[in-house]
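Student: Please show me how to read charged pairs and helix packing in a model. Start with a single pair.

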Amino acid sequence: MAKELQEDGCYVALTDNHLDSKAMMDRVRSPKAGAIVLFAGTTRDNFGGKPVKELQYSSYEPRALQTMLSICKEVKEKHSLTSIAMIHRLGVVPIGEESILIAVSSAHRQAAWRAGEKALEECKEKVEVWKKEEFGGDEGGVWRANRDGATGVRIDHEQKGSDDEPPAGPHGPILRPGRPGERGHGPVVHPN
């Protein structure tokens, strides 16, 4: 079952289930829209020249949903969208399956294209979702923030806990334990 929020033409959700692209397009469909753009992010079979067996996604769900909703509202307003919907899959996502769907609708295609890309980039940069790339064989896996090029922490078989998860912090897994205050998407900054 999906955990979801909906407000002012914006829909966001996190789910452990397979993602349905038609259902997402139907969420943004409107007689006022002349364009619907759908982005589907899928699990590929390699990363950095290494074969990837699967991805595993984890999230601090209450905060991730709020961040996703905030992104959608901002993108909807900036690009004058009819509506926007974003759903992220959690848990194991095998090769070739979707981990994220973003659907946007607008009166014109240019705004829809730009808005879809902006929503994806903001999601990857800000949303409290982490992924573990599980490599084949004895390679183990790597936890990393859910963004392109993010460095991660290799999880060797000797380091793995009983539940194969990195240690939990107050806002999600601690990806680099030697860096106090840093969680998932980067350092926590405390204003003076």
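**Salt bridges and a helix pair**

Tutor: Lys 118 forms a salt bridge with Glu 122, their closest N and O atoms lying 3.2 Å apart. The model is predicted: local features need pLDDT of at least 70, side-chain atom pairs count only at pLDDT 80 or more, and totals for chains, interfaces and linings use all residues. Residues are numbered from 1 along each chain as its sequence is written, and side-chain values use heavy atoms, with hydrogens and water left out.

Student: What is a salt bridge?

Tutor: Side chains of opposite charge can pair when their charged atoms come close. The cut-off is a side-chain nitrogen of Lys or Arg within 4 Å of a carboxyl oxygen of Asp or Glu.

Student: Where do Lys 118 and Glu 122 lie?

Tutor: Both are in helix α3 (residues 109–126), four residues apart, about one turn of the helix. Helices (H or I, at least four residues) and strands (E, at least two) are DSSP runs, numbered from the N terminus.

Student: Is Glu 122 buried or exposed?

Tutor: Use relative accessible area: buried is under 20%, exposed over 50%, partly exposed in between (1.4 Å probe, protein chains only). Glu 122 is buried at 9%. Lys 118 is partly exposed at 29%.

Student: How many salt bridges does the structure hold?

Tutor: Eight. One of them joins Lys 73 and Glu 7, at 2.5 Å from N to O. Lys 73 lies in helix α2 (residues 61–78) and Glu 7 in strand β1 (residues 3–7), so this pair ties together parts 66 residues apart in sequence. Lys 73 is partly exposed, at 33%. Glu 7 is partly exposed, at 33%.

Student: At what angle do α2 and α3 pack?

Tutor: Fit lines to C-alpha atoms, for helices over the stretch in contact; angles run from 0 to 180 degrees between N-to-C directions. Here the angle is about 150 degrees, and the axes of α2 and α3 are 10 Å apart. That makes α2 roughly antiparallel to α3. Angles under 35 degrees count as roughly parallel, over 145 as roughly antiparallel, 65 to 115 as roughly perpendicular and the rest as oblique.

Student: Which residues make the contact?

Tutor: Contact means heavy atoms within 4.5 Å. From α2 come Thr 67, Ile 71 and Val 75. The α3 side includes Ala 115, Ala 119 and Cys 123, and also Lys 118 and Glu 122.
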